Amino acid sequence: MHSSRFSTDVYAQRLQTAAAGAAEAGLAGLVITPGYDLRYLVGSRAQTFERLTALVLPADGSVPTIVVPRLELASLKESAVPDLGVTVRDWVDGENPYQLVADALPDGRLAAVPDGRLAAVPDGRLAAVTDSMPALHLLPLADLLGTVPVLATDVLRRLRMIKDAAEIDALRKAGAAIDRVHARVPEFLVPGRTEADVAADIAEAIVAEGHSEAAFIIVGSGPNGADPHHECSDRELRAGDIVVVDIGGPYEPGYNSDSTRTYSLGEPEPEVARQYAVLQRAQAEAVASIRPGMSAAAVDAVARDVLADEGLAEVFVHRTGHGIGLSVHEEPYIVAGNDLTLEPGMTFSVEPGIYFPGRWGARIEDIVVVTEHGAESVNNRPHELIVVPV
């Protein structure tokens with residue numbers, strides 16, 4: 001097995017389950033262009049260009065087809081999982097790839113017939129497309145099919161949200177790798193160095209610890225830490241700074257790490273230490289509360305209520321977490337109003353933060369896996385405000 005993929009059986013089962021989901025939704029099939037959905041289903045890291053590449057997954061259980069420009073055929077074969085039993089239909093400039101997609105779909109959508117079976121009905125081929133399909137391809141496909149496709153998100157959402165054992169193992173390895181990077185961060189936090197200097201060292205460490213790249217690096221020192229999505233700047237670190245370090249990236253086979261810890265250059269002021277301790281308790285209680293059957297919104301409420309009880313509700317300005325896997329941000333989202341029921345195998349961040357504009361900020365983030373009885377964290381570095389001697 002290629003190091004960047006799971007076994008062929010894993011992908012074959014995903015294709016089968018996705019086709020069954022399309023049938024249950026009454027669709028003719030799924031049309032998946034390059035992006036995370038394609039990578040999830042067949043392992044391919046193909047890129048989107050003006051020439052159409054698409055996996056066509058018929059809902060009637062017939063053989064899937066990959067429509068691909070002949071120019072891209074070699075790279076597709078190199079990146080996709082072999083021996084999946086998928087038909088590859090390459091095309092050259094001058095051919096109509098959208099017709100090839102239509103030809104690979106059943107003649108009609110699937111619907112229930114009187115005896116309860118699902119059968120094709122000839123009143124239009126309603127396909128579902130991945131949410132990353134460019135309009136460049138969506139519009140001519142819709143014109144040819146005679147109907148605007150729907151999003152495949154509803155079919156694929158549960159598949160991608162519930163991680164299997166191989167995916168969870170990949171996330172554990174990614175979490176351990178980013179923990180090793182955080183263990184080195186204090187040596188980079190030297191007054192007089194810029195945030196950009198620190199970020200460059202962290203990027204090198206992320207790759208050295210086994211990631212294929214650094215997907216994002218936030219080094220928010222002093223007042224920059226009050227901006228949750230600050231990246232890095234030429235600001236020089238100073239004694240007394242509180243520094244937010246939020247880092248992560250893909251770890252083969254492409255599942256992401258994402259962890260935040262907050263550092264203090266020298267001993268923090270007493271009020272900073274007190275407020276940070278409240279944040280630490282909010283994060284810990286949110287993780288401890290996680291159980292199958294509770295809602296995503298309920299986890300958010302646990303963290304938010306701890307901060308609110310200490311007068312910090314107004315300085316917690318974002319959701320408590322986001323799902324993670326092949327994408328850094330995916331479902332489930334741990335946010336007020338999301339009544340989604342948590343299930344074993346769901347993976348997401350728990351990352352409350354507090355932000356004081358113009359002064360400082362702090363955030364604590366772990367990736368957790370919902371288990372049968374609670375949650376397992378894949379990040380295990382200390383959660384305390386980490387004091388760096390200066």
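This passage describes helix packing, the surroundings of selected loop and strand residues, and backbone features in a predicted model.

Two helix pairs were examined. Two packed helices are described by the angle between their axes and the distance between the axes. Helix α4, spanning residues 97-104, and helix α5, spanning residues 135-145, have axes that come within 9 Å and cross at roughly 55°. The two helices are therefore oblique to each other, and the crossing of α4 past α5 is right-handed. On the α4 side, the contact is made by Y98, Q99, V101 and A102; on the α5 side, L136, H137, P140, L141, L144 and L145 take part. Classified by residue type, this contact contains eight nonpolar and two polar residues, with no charged residues.

The second pair consists of helix α1 (residues 8-24) and helix α6 (residues 153-161), whose axes also come within 9 Å. Here the crossing angle is roughly 145°, and α1 passes α6 in a right-handed sense. From α1, the residues R14, T17, A18, G21 and A22 meet V155, L156 and L159 of α6. The contact of α1 with α6 comprises five nonpolar residues, two polar residues and one charged residue.

The loop between strands β20 and β21 was considered next, beginning with N379, which is located in this loop. The relative accessibility of N379 is 1%, so the residue counts as buried, the criterion being a value under 20%. Its side chain reaches two backbone atoms: the oxygen of G175 at 3.4 Å and the nitrogen of I367 at 2.8 Å. With residues up to four places away in sequence left out, the residues touched by N379 are G175, I178, D179, D258, S259, R261, E365, D366 and I367. The two backbone partners, G175 and I367, thus appear in this list together with R261 and D366.

R261 itself belongs to strand β13, residues 259-265. As with N379, burial follows from accessibility: R261 has a relative accessibility of 1% and therefore counts as buried. The side chain of R261 forms a polar contact with the side chain of D366 at 2.8 Å. A polar atom of the R261 side chain also lies 3.0 Å from the backbone oxygen of P382. Both R261 and D366 are among the residues that N379 touches.

E384 is found in the loop between β20 (375-377) and β21 (386-388). Its relative accessible area is 44%, so E384 is classed as partly exposed, a category that lies between the 20% and 50% limits. Apart from residues up to four places away in sequence, E384 touches T262, Y276 and Q280. With Q280, the contact involves a polar pair between the two side chains at 3.5 Å. The C-alpha atoms of E384 and E195 are 22 Å apart in space, and the two residues are separated by 189 residues in sequence.

Several backbone features were also identified. The peptide bond from E252 to P253 is cis, with omega near 10°; P253 is placed in the loop between β11 (250-251) and β12 (255-256). A cis peptide bond is likewise present from E331 to P332, where omega is near 5°. P332 is located in strand β15, which covers residues 330-334. D83, a residue other than glycine, has a positive phi near 60°. The position of D83 is in the loop between α3 (73-79) and β4 (87-91), and its relative accessibility of 71% means that the residue counts as exposed, the threshold being over 50%.

A208 provides a further exposed position, in helix α8 (residues 195-208). The relative accessible area of A208 is 60%, and the residue is therefore exposed. Between A208 and G337 the C-alpha separation is 40 Å, for a distance of 129 residues along the chain.

Methods
Residues numbered from 1 in each chain as written. Predicted model: local features only at pLDDT ≥ 70, side-chain atom pairs only at ≥ 80, totals over all residues. Heavy atoms only, no water. Axes fitted to C-alpha atoms, helices over the stretch in contact; angles between N-to-C directions. Helix = DSSP H or I, 4+ residues; strand = E, 2+ residues; numbered from the N terminus. Parallel < 35°, antiparallel > 145°, perpendicular 65-115°, else oblique. Left-handed = near helix turned anticlockwise from the far one by under 90°. Contact = heavy atoms within 4.5 Å. Nonpolar A, V, L, I, M, F, W, Y, C, P; charged D, E, K, R; others polar. Buried < 20%, exposed > 50% of the residue type's maximum accessible area, 1.4 Å probe, protein only. Polar contact = N/O pair within 3.5 Å; in protein donor to acceptor, adjacent residues only side chain to side chain.
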